[in-house]
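Hello,

Here is the structure we talked about handing over. My notes on it follow below the display.

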Amino acid sequence: MRPDRFTTLAQQAIAEAQSLASRRGHPELVGLHVLSALLEDASGPVASVLPRVGADVARLLTITHSEVDKLPTVEGAQPAGGRELNEIMTKADAAAREMKDAASF
């Protein structure tokens, strides 16, 4: 996983996900944080694509926030990416390579 190969959008989503995890006191950065960041970006591609396929972005965001609220917290936590996030990034990188994309994720 090489963050320098991520698109600007992916880098921004990860930064926002880290910020969310930190604000909430979550010791581990997980996929829910990234999903939340992507759904909250009203001008991003996720917010424009999901309605086209019939998804209710507001409902997805409500569910995501509810699940994020259930994550364990630690006072003064500095979130770090764990196994789950590493798997997500590895799969994204593999998909980009398969599509011969210059950037991943």
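I begin with a single residue. Leaving aside neighbours within four places in sequence, Ser36 is in contact with Leu20, Leu61, Thr64 and His65. Ser36 belongs to helix α2, which covers residues 31–40. Its relative accessibility is 0%, so Ser36 counts as buried. Please keep in mind that this is a predicted model.

Overall fold

The chain contains five helices and two strands. Along the sequence these elements come in the order α-β-α-α-α-β-α. The radius of gyration is 14 Å, close to the 13 Å that the globule rule gives for 105 residues, so the chain is as compact as a globular protein of that length. Taken along the principal axes, the box filled by the C-alpha atoms is roughly 40 × 30 × 20 Å.

Of the 105 residues, 32% count as buried. As for contacts with a separation of 6 or more, 68% of them are between residues 24 or more positions apart. The exposed area of the chain is about 6600 Å², and carbon and sulfur atoms supply 55% of that area.

Charges and salt bridges

The chain carries 11 positive and 14 negative charges, and the mean positions of the two sets are 5 Å apart. A search of the whole structure gives five salt bridges. Three of these are described here, beginning with Arg24 and Asp69, whose side chains meet at 2.4 Å, N to O. This pair links distant parts of the chain: Arg24 sits in helix α1 (residues 8–24) and Asp69 in helix α4 (residues 57–69), with the two positions 45 residues apart in the numbering. Arg24 counts as partly exposed, because its relative accessibility is 31%.

Another salt bridge joins Glu67 to Lys70, with the closest N and O atoms 3.1 Å apart. The two partners fall into separate accessibility classes: Glu67, at 32% relative accessibility, counts as partly exposed, whereas Lys70 is exposed, with a relative accessible area of 58%.

The remaining pair in these notes is Arg97 and Asp93, whose side chains form a salt bridge at 2.9 Å, N to O. Both residues are in helix α5 (residues 83–98), and they are separated by about one helical turn because they are four residues apart. Arg97 counts as exposed at 52% relative accessibility, while Asp93 is buried, with a relative accessible area of 12%. For the class boundaries behind these labels, buried means under 20% relative accessible area and exposed means over 50%.

Ala96 in helix α5

Is Ala96 buried or exposed? Ala96 is found in helix α5, and its relative accessibility is 3%, so Ala96 counts as buried. How far apart in space are Ala96 and Phe6, C-alpha to C-alpha? The distance is 9.9 Å, although the two residues are 90 residues apart in sequence.

To recap the points about individual residues: Ser36 in helix α2 and Ala96 in helix α5 both count as buried. The salt bridge of Arg24 and Asp69 connects helix α1 with helix α4, and the salt bridge of Arg97 and Asp93 lies within helix α5.

Regards

How values were computed
Residues are numbered from 1 along each chain as its sequence is written. This is a predicted model: local features need pLDDT of at least 70, side-chain atom pairs count only at pLDDT 80 or more; totals for chains, interfaces and linings use all residues. Side-chain values use heavy atoms; hydrogens and water are left out. The radius of gyration is taken over C-alpha atoms; the globule rule is 2.2 Å times the number of residues to the power 0.38. Buried means under 20% relative accessible area, exposed over 50%, partly exposed in between (1.4 Å probe, protein chains only). Contact means heavy atoms within 4.5 Å. Accessible areas come from the Shrake-Rupley method with a 1.4 Å probe; for residues, only the protein chains shown count as cover. Lys and Arg count as positive and Asp and Glu as negative; His and the chain ends are not counted. The place of a charge is taken as NZ of Lys, CZ of Arg, CG of Asp or CD of Glu. A salt bridge is a side-chain nitrogen of Lys or Arg within 4 Å of a carboxyl oxygen of Asp or Glu.
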